[in-house]
Amino acid sequence: MTSRLDNVTRQRLQKLDQIRRRGINPYPNRYHRSHTATQAKSLLEKQGSDKAEMPEVAVAGRLTAHRSMGEIHFLDIRDGSGKIQLHIHKKQLSGDSLQLLNDLDIGDIIGAGGKPCYTKRGEPSIDTRQLTLLAKSLKPLPEKWHGLQDVDTSYRQRYLDLISNPQAKETFMVRSRVIAAVRDFLNQRDFLEVETPMLQPSAGGALARPFVTHHHALDHDFYLRIALELHLKRLIIGGFDRVYELGRTFRNEGISTRHNPEFTMLESYQAYADYNDVMNMLEGMASEIVNKIHGGSRVEYGDATINFEPPWPRLPLRQAIAEQSGIDFGEFPDADSLRAEMTRRGIQADPSKDRGRLIDELLSTFVEPKLVQPTFLVDYPVDMSPLAKTKPGDDSLVERFEAFAGGMEIANAFTELNDPVEQRRRFASQMKHKIQVTASEAAHSIDEEIETVDEDFLLALEHGMPPTGGLGVGIDRLVMLLTNQQSIREVILFPQLREKE
């Protein structure tokens, strides 16, 4: 049975054949556009309605509407800057342009030449004298009044979402402005933007399961990076005092409204700074970005109004978890005792997880969803932070913070561990746990989520790294907050999806 889509495509192919038979190339190599839609409107606003003084312009874009009133036609075209109307009187068109008018379909890319004008209703338009077909569309666009309603299609065919949904386009324009604002903020503070390898011989810098690939020429397995950290700290060791990278990061883990297997991270490292300095920098950077995007410190996110104006509250992690879950993890020095207390309270406790991951479960379950306003949780257990420096006077805690807003984590930072002997000891402790878990009947793949030992990084650290404050910011989640999107898929142009059957 032939579908409506098949019929539409067949009809458009017939028009395409007719156009070609008239000696017209329906896909020309170039078109000399003189003005965007917005520029043509601005020209009209500056020059007024005197057509005699108005210069000829050439605009181009996708045909999104076609209204016929006998001899007069009104066409809407949209380019990257916006929409403009074409006012066409059939008597004013040449032979080729007149024939083309009858062969146009919604979705075609066309060029139009003429003078900007106002219609009787005051609509900015182009008094069109020439039409040029630039690309024939063989598939129909989503139904004009309802747009693209199917969410799955909007992700798989993002181009349709961008064509039919101006808000989607605005979201990604905001994303670009956010990234530019991050760069501006750091560049003005003498940070150097750098690039580090995506393919790495060992997976390090975070606790995560990596993607693995094989390099045939070297006959060696490599990992897609799960963090930018270890190479950036090599640069601090090498003498760059302030560095940052905005780059793709990859983690072979679950997909959710807040997680995509590949995502964009900002990581920055500043010599002669600690996590307090980084906290001050982050709240200043976030506030400045929000002001650039929204003209103030407040954004609407879901049902909440989030105020990014500094200073943000600083709350010890131990206190936050105790208040929300009733469990003071400081009273349970090992995984077994903490797991027993969680079980006693009816909280599911994975037998394969170490103490640090159990604490992280308490954080994500009881605390994180309630942190709607920007908040720093500070001073984490050493179990959770193998790359952070311990707090003076308390070897059980490290100088680490995570920043939360909108009920989700948006940043993570340390006073970086720069003692090579202690760093090696912590890596060895993790590897010991990895072996124990792998050998146990309860193991579920936790061994794939443990930080591996990067001997080259340890060698670099042995040459001396100054006191350093490091920061990681999830750009996708920050954009979610600034565009009021509840799913990370709405702010990633091409999110990862399951294959269609």
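1. A word on terms to begin with: two strands pair if DSSP finds at least two bridges between them, and strands (E, at least two residues) and helices (H or I, at least four residues) are DSSP runs, numbered from the N terminus. With that in hand, strand E14 (residues 314-316) and E15 run parallel and are joined by 3 bridges. In that pairing, leucine 315 stands opposite leucine 377 in E15.

2. Please keep in mind that this is a predicted model, in which local features need pLDDT of at least 70 and side-chain atom pairs count only at pLDDT 80 or more, while totals for chains, interfaces and linings use all residues. Residues are numbered from 1 along each chain as its sequence is written, and side-chain values use heavy atoms, with hydrogens and water left out.

3. Now the overall picture. The protein chain has 14 helices and 19 strands, and its C-alpha atoms fill a box of roughly 85 × 55 × 50 Å along the principal axes. Of the 501 residues, 48% are buried (under 20% relative accessible area; exposed is over 50% and partly exposed is in between, with a 1.4 Å probe and protein chains only). Contacts here mean heavy atoms within 4.5 Å; among those with a separation of 6 or more, 66% involve residues 24 or more positions apart.

4. On the surface, the protein chain exposes about 24,700 Å², and carbon and sulfur atoms supply 49% of that area (Shrake-Rupley method, 1.4 Å probe; for residues, only the protein chains shown count as cover). There are 63 positive and 73 negative side chains, and the centres of the two sets lie 10 Å apart. For this count Lys and Arg are positive and Asp and Glu negative, with His and the chain ends not counted; each charge is placed at NZ of Lys, CZ of Arg, CG of Asp or CD of Glu.

5. Where should you look for the interior? A nonpolar core is a set of buried Ala, Val, Leu, Ile, Met, Phe, Trp, Tyr and Cys residues joined through side-chain atoms within 4.5 Å. The largest one has 46 residues, and Met285, Phe401 and Leu471 have the most contacts inside it. Helix H8 (residues 275-294) gives the largest share of this core, 10 residues. Another core, of 42 residues, lies apart from it and includes Ile237, Leu317, Met384 and Ala388. In soluble globular proteins, nonpolar side chains tend to be buried together.

6. Leucine 471 is worth a click. Beyond its neighbours within four places in sequence, leucine 471 touches a set of residues including Val278, Met281, Leu282, Met285 and Phe401. Polar residues are among its contacts as well, including Glu267, Ser268 and Asn412.

7. Helix H7 (residues 229-237) is largely enclosed by the rest of the structure, because 8 of its 9 residues are buried. Among the buried ones are Glu229, His231, Lys233 and Arg234. The cover over the buried residues of H7 includes E7, strand E10 (242-250), strand E11 (262-271), strand E18 (408-415), helix H13 (455-461) and strand E19 (468-474). Glycine 239, which follows H7, has a positive phi near 115°.

8. Is lysine 233 of H7 buried or exposed? With 0% relative accessibility, lysine 233 counts as buried. Its contacts, leaving aside neighbours within four places in sequence, are Tyr269, Leu387, Glu416, Phe457 and Met465.

9. Two more elements are well covered. In helix H14 (residues 475-483), 9 of the 9 residues are buried, among them Asp476, Arg477 and Thr483. Asparagine 484, just after H14, takes a positive phi of about 55°. Strand E15 (residues 375-381) has 7 of its 7 residues buried, so E15 is largely enclosed by the rest of the structure. E15 also pairs with strand E17 (residues 394-405) in the antiparallel sense over 6 bridges, and tyrosine 380 stands opposite valine 398 in E17.

10. Strand E5 (residues 124-135) shows both senses of pairing. With strand E3 (residues 82-89) the pairing is parallel over 3 bridges, whereas strand E4 (residues 109-118) and E5 pair antiparallel over 10 bridges. E4 and E5 form a hairpin with 5 residues between them, and glycine 122 in the turn has a positive phi of about 85°.

11. Lastly, an open sheet of 3 strands runs in the order E7-E9-E8, with antiparallel pairing. Strand E7 (199-200) and strand E8 (212-215) each have a single partner strand, so one side of each is left without a neighbour in the sheet. E8 and strand E9 (residues 220-224) share 4 bridges, one of which sets histidine 214 against aspartate 221 in E9.
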